Amino acid sequence: MNYRHSYHAGNHADVFKHAVLLRMVRLLQRKDAPFCYLDSHAGTAMYDLQGEAASKTGEYVDGIGRLFDRDDLPGLFADYRDAVARHNPSGSLRLYPGSPQIVADALREQDRMILSELHPEDAATLKSQFDSQPSIAVHERDGYELPKAFLPVAEKRALWLLDPPFEKTDELDRCVEMVQLAIQRMRQTVVALWYPIKDERLLRGFYRNMSEAGLPKVLRIELSVRPTDTRLGLNGSGLMLVNPPWPLWEELDVALPWLAGMLAQSGEGGWRMDWLAGQP
Ligand SMILES: C[S@@+](CC[C@H](N)C(=O)[O-])C[C@H]1O[C@@H](n2cnc3c(N)ncnc32)[C@H](O)[C@@H]1O
């Protein structure tokens, strides 16, 4: 396990993933009924953007750095920026919350969270960060075990963020299998599966597998910051959203082109949104 998210925190992929994640939480919270948030590859709660790792790559500059000071953000992104800003009360950007913190800040009394992180150091930090919050459980274990261990949940409503580091070549296949398992165990589970866009050819099998996996509804959304053939590296990223809450796709129809323009590093930046299964 070499991947450390501290090098990438707040980059274009985090902006895309966290803004959509927070919006999904807000939409699920329109109902008073409780829900359970599962974060299988949680990372840690807070990243120091002036620390050694983030300073070395400077990736956040072209991510949250481009949005943080703007006062003209569309609603969905203003909410996300405020979620970051609350941890930077001086007004200058230094700390960046990871997915567990962003959702923890949004959690209501009736909701709960299950986090897993395999890296011992990050798991220990995560445990100490959420120690005093009984509705947040932190496990140092393989995140792929989460659906089998915890689904179905008593609340009957669950949102699972599946955000692995993709260090292994079979990781996309494993994600498809685990999403299938989650849906078999609890059909209404909402899943957000994040994936990197480096070379699009490598994703073709994944797209096919997701569309043929027998999942009820699958919305594919992608955001690219440069044409995928210009250079290797993270040219963009995607989210496979299983059972996304309405009217997310209507909101994203406006939000994604805006974000693509905001985060483009060469050319115009690109985006797409389509249904791989169960178009409403
Ligand atoms: C992309 S980062 C997570 C970022 C975080 N979800 C966020 O959005 O702020 C992936 C994390 O998964 C952890 N990890 C790697 N393999 C894992 C596994 N099998 N189970 C749980 N965590 C794992 C890594 O240590 C890393 O912290």
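Student: How far is an oxygen atom of the ligand from a polar backbone atom of serine 99?
Tutor: This is a predicted model, so to speak: local features need pLDDT of at least 70, side-chain atom pairs count only at pLDDT 80 or more, and totals for chains, interfaces and linings use all residues. Residues are numbered from 1 along each chain as its sequence is written, and side-chain values use heavy atoms, with hydrogens and water left out. For serine 99, the backbone atom and the ligand oxygen make a polar contact (N or O atoms within 3.5 Å). Their separation is 2.9 Å.

Student: Which residue puts a backbone N or O atom 2.8 Å from a nitrogen atom of the ligand?
Tutor: Don't mix this up with lysine 17, where a polar side-chain atom sits 2.9 Å from a ligand oxygen. With the ligand nitrogen, the backbone partner at 2.8 Å is glycine 143.

Student: And how much of the ligand's accessible area does the protein cover?
Tutor: On its own, the ligand has 610 Å² of accessible area (Shrake-Rupley, 1.4 Å probe). The share of that covered by protein is 96%.

Student: Which side chain does lysine 17 meet in a salt bridge?
Tutor: Look for a Lys or Arg side-chain nitrogen within 4 Å of a carboxyl oxygen of Asp or Glu. Here the N to O distance is 2.7 Å, and the partner is aspartate 163.

Student: How many residues apart in sequence are the parts that this pair ties together?
Tutor: Lysine 17 is in helix H1 (residues 12–28), while aspartate 163 is in the loop between strand S6 (158–162) and helix H8 (171–185). Helices (H or I, at least four residues) and strands (E, at least two) are DSSP runs, numbered from the N terminus. The pair therefore links parts whose separation in residues is 146.

Student: Which residue has a positive phi near 55°?
Tutor: Most residues other than glycine have a negative phi. The one to check is in the loop between S6 and H8. With phi near 55°, it's phenylalanine 166.

Student: What is omega for the cis bond from tryptophan 246 to proline 247?
Tutor: There's another cis bond, joining leucine 151 and proline 152, with omega about 0°. Proline 247 lies in the loop between strand S9 (236–242) and helix H10 (248–263). For the bond from tryptophan 246 to proline 247, omega is near 5°.

Key:
Polar contact = N/O pair within 3.5 Å; in protein donor to acceptor, adjacent residues only side chain to side chain.
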